[in-house]
Amino acid sequence: MSTTKVKAAQLWGKNKDDLKKQLVDLKAELASLRTQKVAGGANSKLTKIHDLRKSVARVLTVINATQRAQLRLFYKNKKYLPLDLRVKKTRAMRRRLTKHEASLVSEKQKKRQMHFPQRKFAVKAEA
C-alpha cells in the first residue's frame, strides 16, 4: 500500500489503465483504513484517510480532464458540440445575436439608406 500523497504532476504522464489501477488501489487502502478506524485504530489513521481521499480526488480529476480533452479533440471540427463541452458564459450572452447576425441589413433597410442617406450639416463656428 502507498500511504504517501499522490502528486498530480506524476499522474498526467500515466495512461488511463494505470490511473484506473491506481484508483482501485487507493480505494481499497481507504476502505481498510476506515475499518481500522472503526475497530479503534490510532489517530494517525485520520490524517492518512484525509490524504487518501484527496489522492483519490486527484486521480479522478486527471482521468476526467484527459477524457474531456479527448472529447474536445473528437468534436473539434464537428457541426455540433455536446452541451457540457460548450462555453458556459451567461444565459444572456448565449442568447445574444452573433456578430454576423447583428451586422445583417434587410433589403428594405438597404434601400432606405441608399435613397435617404444621413444628411450632413455644416455648423458655423463662433469666433
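Follow the protein chain along its sequence and you get the pattern α-α-α-α-α-α. That makes for six helices and zero strands. Keep in mind that this is a predicted model. The chain is far from a ball: a compact globule of 127 residues would have a radius of gyration near 14 Å, while this one comes in at 30 Å.

**Overall shape and surface**

- Lined up on its principal axes, the set of C-alpha atoms takes up a box of roughly 95 × 45 × 25 Å.
- Just 14% of the 127 residues in the protein chain are buried.
- The chain shows an accessible surface of about 11,400 Å², and carbon and sulfur atoms own 56% of that.
- If you look at contacts in the chain with a separation of 6 or more, 51% of them link residues 24 or more positions apart.

**Charges**

- The protein chain carries 34 positive side chains and 9 negative ones.
- The centre of the positive set and the centre of the negative set lie 6 Å apart.

**The largest nonpolar core**

- As background, nonpolar side chains tend to be buried together in soluble globular proteins.
- Here, the largest nonpolar core has 13 residues, and the ones touching the most other members are Leu11, Leu19, Leu23, Leu26, Leu52, Val59 and Ile63.
- Two elements give two or more residues to this core: α2, covering 16–39, and α3, covering 44–74.
- Of the elements, α3 gives the most, with six residues.
- For a closer look at one member, try leucine 19: setting aside residues up to four places away in sequence, Leu19 touches Leu11, Lys14, Val59, Val62 and Ile63.

**Serine 55, a residue worth finding**

- You'll find serine 55 in helix α3.
- Is serine 55 buried or exposed? Serine 55 counts as buried because its relative accessibility is 0%, and the cut-off for buried is under 20%.
- Leaving out residues up to four places away in sequence, the neighbours that serine 55 touches are Thr4, Lys5, Val6 and Leu26.
- One of those neighbours, Leu26, also appears among the core residues that touch the most other members.
- How far apart in space are serine 55 and threonine 35, C-alpha to C-alpha? The two sit 19 Å apart, with their positions 20 residues apart in sequence terms.

Definitions and conventions. Residues are numbered from 1 along each chain as its sequence is written. This is a predicted model: local features need pLDDT of at least 70, side-chain atom pairs count only at pLDDT 80 or more; totals for chains, interfaces and linings use all residues. Side-chain values use heavy atoms; hydrogens and water are left out. A nonpolar core is a set of buried Ala, Val, Leu, Ile, Met, Phe, Trp, Tyr and Cys residues joined through side-chain atoms within 4.5 Å. Buried means under 20% relative accessible area, exposed over 50%, partly exposed in between (1.4 Å probe, protein chains only). Helices (H or I, at least four residues) and strands (E, at least two) are DSSP runs, numbered from the N terminus. Contact means heavy atoms within 4.5 Å. The radius of gyration is taken over C-alpha atoms; the globule rule is 2.2 Å times the number of residues to the power 0.38. Accessible areas come from the Shrake-Rupley method with a 1.4 Å probe; for residues, only the protein chains shown count as cover. Lys and Arg count as positive and Asp and Glu as negative; His and the chain ends are not counted. The place of a charge is taken as NZ of Lys, CZ of Arg, CG of Asp or CD of Glu.
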